[in-house]
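Please open the structure in a viewer and display it as a cartoon. The tour below proposes a series of selections and describes what may be found at each stop.

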Amino acid sequence: MGKINVVQMGLGPIGNQITRFLAERKNFNIVGAIDADEKKVGQDVGTLAGLPEPIGVKVSKDIESVLKNNNVDAVILTTTSSLASIREQIINLLEYGVNIVTTCEELSYPWLTNPEISREIDEKAKSKKVSVLATGVNPGFLMDFLPLSLTSVCRSVDKITVERIQDATFRRIPFQKKIGAGLSIKEFHEKVEKGILRHVGLTESIHMIASRLGWKLEKTEDIITPVVATRLIKTNNMTIQPGDVAGVQQVGRGIVDGQVAINLVFRASVGEPESRDSIIIEGTPRIESTIHGGVNGDIATCAIVVNSIPVVVHSRPGLRTMSDIETLSFSK
């Protein structure tokens with residue numbers, strides 16, 4: 001396989017870390033970079049990412065100028081979690097006949113939650129003979145693809161429970177704010193009601209699991225509660241008083257035949273005593289797997305995006321998901 005020409009669109013913390021990961025690999029060329037932030041336009045994408053040397057690629061805000069003059073194999077799109085917000089960006093990119101790998105959580109398995117947009121993207125990608133994949137550590141791996149993989153050795157499966165527990169103390173500041181750390185309980189609930197404080201993707205993960213296992217869901221549930229600090233917590237970036245919010249717990253449930261068949265627990269808080277990723281499959285055989293210390297979310301998200309590019313470039317056209325694409329792996 002020759003080198004793959006990549007354009008990056010969206011150069012926030014995740015986009016910049018992906019730049020660093022791409023620069024480490026011999027099989028990728030960064031040939032373009034796009035961002036709407038005027039402060040980033042004109043900067044070298046390598047310098048922006050903190051690489052030791054510039055790579056000779058300047059950030060632009062104009063999609064056409066970047067894509068029409070380059071032989072682009074894939075665009076890495078790291079702009080938003082919302083499918084409604086990212087739809088226009090994807091459709092515009094597909095006009096240039098490029099494959100797309102995105103971190104948009106709502107696109108990870110959107111066939112039931114957003115059927116119209118899903119069909120539109122799928123049909124557009126097929127017409128251009130390219131593929132689109134949304135992936136990440138969660139959704140995209142730990143709470144959907146990995147448990148599905150573990151069921152491959154099961155004679156029968158009755159219930160799947162996944163718990164992702166994270167100590168957010170050393171995560172980036174935007175993540176800490178995303179989980180509500182430092183808010184009062186009143187502020188937390190206000191943000192939940194406005195839909196601006198939640199982990200995006202649990203519902204999509206539930207649908208991915210159920211669809212692949214052939215389970216017909218009666219309904220899904222998404223329950224959000226604060227993790228309340230029981231002691232004074234101080235970090236380099238914030239001080240959390242006892243009684244204030246240290247993070248979030250979000251539970252997604254898939255109901256089959258009146259019972260909880262899929263139970264996904266996501267908890268992230270500053271000062272969480274033990275990070276881990278656990279999967280329990282009730283079936284024959286019963287399987288219990290735990291990654292002690294948990295998987296670093298930022299590293300894993302950037303890595304799986306980079307590792308998916310060669311597979312996506314050679315995938316069959318259309319809107320793909322982690323449950324129907326060729327197996328990913330690290331590759332030099």
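Begin by selecting residues 13-24, which form helix H1. In this predicted model, helix H1 lies across strand E1, strand E2 (28-34) and strand E4. The direction of helix H1 makes about 165 degrees with that of E1.

Next, add residues 297-313, which form helix H10. Helix H10 also packs on the sheet, where it touches E1, E2, E4, strand E5 (99-102) and strand E6 (131-134). Relative to E5, helix H10 runs at about 155 degrees.

**The sheet**

Now display the strands beneath these helices. In which order do the seven strands of the open sheet follow one another? The order is E3-E2-E1-E4-E5-E6-E15, and the pairing is parallel. At the edges are strand E3 (59-60) and strand E15 (318-320), each of which pairs on one side only.

Select residues 4-9 together with residues 74-77 in order to inspect one pair of strands, E1 and E4. These two strands run parallel and are joined by four bridges. Within this pair, Val 6 of E1 has Ala 74 of E4 as its bridge partner.

**Two buried residues**

Remain on strand E1 and select Asn 5, which lies in it. Is Asn 5 buried or exposed? Asn 5 counts as buried, because its relative accessibility is 15% and the limit for a buried residue is under 20%. Apart from its neighbours within four places in sequence, Asn 5 is in contact with Asn 29, Val 31, Asn 71, Val 72, Asp 73 and Ala 74. Ala 74 is thus a contact of Asn 5 as well as the bridge partner of Val 6.

Return to helix H10 and select Ser 308, which is placed in that helix. With a relative accessibility of 0%, Ser 308 counts as buried. Which residues does Ser 308 touch, not counting those up to four places away in sequence? They are Val 101, Leu 133, Thr 135 and Leu 328.

**Cysteines**

Select the cysteines and show their sulfur atoms. How many disulfides does a search of the whole structure find? The search finds zero. A disulfide is a covalent bond between the sulfur atoms of two cysteines. For Cys 104, the closest cysteine sulfur is that of Cys 302, at 16 Å, and this separation is too far for a bond. Cys 104 is buried, with a relative accessible area of 1%. Cys 154 counts as buried too, at 16% relative accessibility.

**Backbone stops in the loops**

The remaining selections concern backbone geometry. Most residues other than glycine have a negative phi, and most peptide bonds are trans.

- Select Asn 138 and Pro 139: the peptide bond between them is cis, with omega near 0 degrees. Pro 139 lies in the loop between E6 and helix H6 (145-150).
- Select Thr 284 and Pro 285: the peptide bond joining them is likewise cis, with omega near -5 degrees. The loop that holds Pro 285 lies between strand E13 (276-284) and strand E14 (287-292).
- Select Lys 129, a residue other than glycine with a positive phi, near 60 degrees. Lys 129 belongs to the loop between helix H5 (115-128) and E6. Its relative accessible area is 71%, so Lys 129 is exposed.
- Select Asp 257, where phi is again positive, near 50 degrees. This residue is found in the loop between strand E11 (245-256) and strand E12 (259-269). Asp 257 counts as exposed, at 66% relative accessibility.

**The whole chain**

Finally, clear the selection and view the entire protein chain, which has 10 helices and 15 strands. The C-alpha trace spans about 55 × 50 × 35 Å along its principal axes. A compact globule of 332 residues would have a radius of gyration near 20 Å, and the 20 Å of this chain therefore agrees with that expectation.

Colour the chain by accessibility: buried residues make up 53% of the 332 residues. The chain exposes about 15300 Å², of which carbon and sulfur atoms supply 48%. Among contacts with a separation of 6 or more, 71% are accounted for by residues 24 or more positions apart.

Technical notes. Residues are numbered from 1 along each chain as its sequence is written. This is a predicted model: local features need pLDDT of at least 70, side-chain atom pairs count only at pLDDT 80 or more; totals for chains, interfaces and linings use all residues. Side-chain values use heavy atoms; hydrogens and water are left out. Two strands pair if DSSP finds at least two bridges between them. Contact means heavy atoms within 4.5 Å. Axes are lines fitted to C-alpha atoms, for helices over the stretch in contact, and angles run from 0 to 180 degrees between N-to-C directions. The radius of gyration is taken over C-alpha atoms; the globule rule is 2.2 Å times the number of residues to the power 0.38. Buried means under 20% relative accessible area, exposed over 50%, partly exposed in between (1.4 Å probe, protein chains only). Accessible areas come from the Shrake-Rupley method with a 1.4 Å probe; for residues, only the protein chains shown count as cover. A disulfide is a pair of cysteine sulfur atoms within 2.5 Å.
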